[in-house]
Amino acid sequence: MSTPADGRIDVAPDPSASREPVSNWNIANMLTMLRILLVPLFVALFVHDGGQDTRWRLAAAAVFFLASATDRLDGELARRRHLITDFGKIADPIADKALIGAALICLSLQHELWWWVTVVILVREIGITLMRFWVIRYGVIAASPGGKLKTVLQSLAIFLYVLPLQSVAWLEWTATVVMAAALVLTVATGADYIVRAVRLRAGR
């Protein structure tokens, strides 16, 4: 900012002010939609032949890995290329919950994961998502480092469970340990988000 001789104050133009509105048809949102479309494909591959065929389970694991990778990629692209849209803010968490929820339910239906674990994670994920919309008029609750780590651990644990290698003792043990850690973070970060939401609505 500078002050000319005539007393006027020149203010540098805000680059974001001249930025054109971002179209919903961008690469970040397309990756989010791809993740949603991969959910039914994952389920179909997982349940084929009763979920016991090695080749189909490997294919399901590959699809889950690809879908999980798009979660990180679409967020990075949206931030770096300024492609954040209202559609993306809504669709991205829906895609995440759909993928994680479908995988957990499939595993529990195959008696490979306790139902109570699936219920706890789904109640937390759906509840926190609804809570974010409940307080969105007051502000946005950003994902915490613990929340991001929780998502990574959930995805890793599910990927290990989906692999048709449950007969390998060390792999089954690893999957159990990772899922336990993810469950602890799921509950802990859920409580943290609730506290932050209450403070946000209270104007603190």
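User: Before we start, what does "buried" mean for a residue?

Analyst: Good place to begin! Buried means under 20% relative accessible area. Phenylalanine 64 is at 0% relative accessibility, so this residue counts as buried. Keep in mind that this is a predicted model.

User: How much of the protein chain counts as buried?

Analyst: Of its 204 residues, 39% do. For the opposite case, look at tryptophan 114: its relative accessible area is 62%, which makes this residue exposed.

User: Which secondary structure should I look for when I trace the chain?

Analyst: Helices! The protein chain has 6 helices and 0 strands, and reading along the sequence gives the pattern α-α-α-α-α-α.

User: What is the general idea behind a nonpolar core?

Analyst: In soluble globular proteins, nonpolar side chains tend to be buried together. Here, the largest nonpolar core holds 34 residues. Phe42, Leu104, Ile158, Val162 and Met179 have the most contacts inside it.

User: Which elements give two or more residues to this core?

Analyst: They are α1 (27–47), α2 (54–80), α3 (86–109), α4 (115–134), α5 (145–162) and α6 (169–201). Helix α3 contributes the most, with 7 residues. Another core, of 6 residues, lies apart from the largest one, and Ile128, Met131, Val135 and Tyr193 are among its members.

User: Could you walk me through one core residue? What is methionine 179 in contact with?

Analyst: Happily! If we leave aside neighbours within four places in sequence, methionine 179 is in contact with Leu104, Leu113, Val117, Ile121, Ala157, Ile158 and Tyr161. You can also read contacts across the protein chain: among those between residues at least 6 apart in sequence, 74% join residues at least 24 apart.

User: Now for the rings. How many aromatic pairs does a search of the whole structure find?

Analyst: It finds 4. To read a pair, check the distance between ring centres and the angle between planes. Phenylalanine 42 and phenylalanine 64 are 5.8 Å centre to centre with 50 degrees between the planes, a tilted pair. Phenylalanine 42 sits in helix α1 and phenylalanine 64 in helix α2, so their pair ties together parts 22 residues apart in sequence. Like its partner, phenylalanine 42 counts as buried, at 0% relative accessibility. Ring pairs also link Phe42, Phe46 and Phe64 into a cluster.

User: Why is the pair of tryptophan 114 and tryptophan 116 stacked?

Analyst: Planes under 30 degrees apart count as stacked. The planes of tryptophan 114 and tryptophan 116 are at 20 degrees, with ring centres 6.2 Å apart, so this pair is stacked.

Technical notes: Residues numbered from 1 in each chain as written. Predicted model: local features only at pLDDT ≥ 70, side-chain atom pairs only at ≥ 80, totals over all residues. Heavy atoms only, no water. Core = buried A, V, L, I, M, F, W, Y, C linked by side-chain atoms within 4.5 Å. Buried < 20%, exposed > 50% of the residue type's maximum accessible area, 1.4 Å probe, protein only. Helix = DSSP H or I, 4+ residues; strand = E, 2+ residues; numbered from the N terminus. Contact = heavy atoms within 4.5 Å. Phe/Tyr/Trp six-rings, centres within 6.5 Å; stacked < 30°, edge-to-face > 60°.
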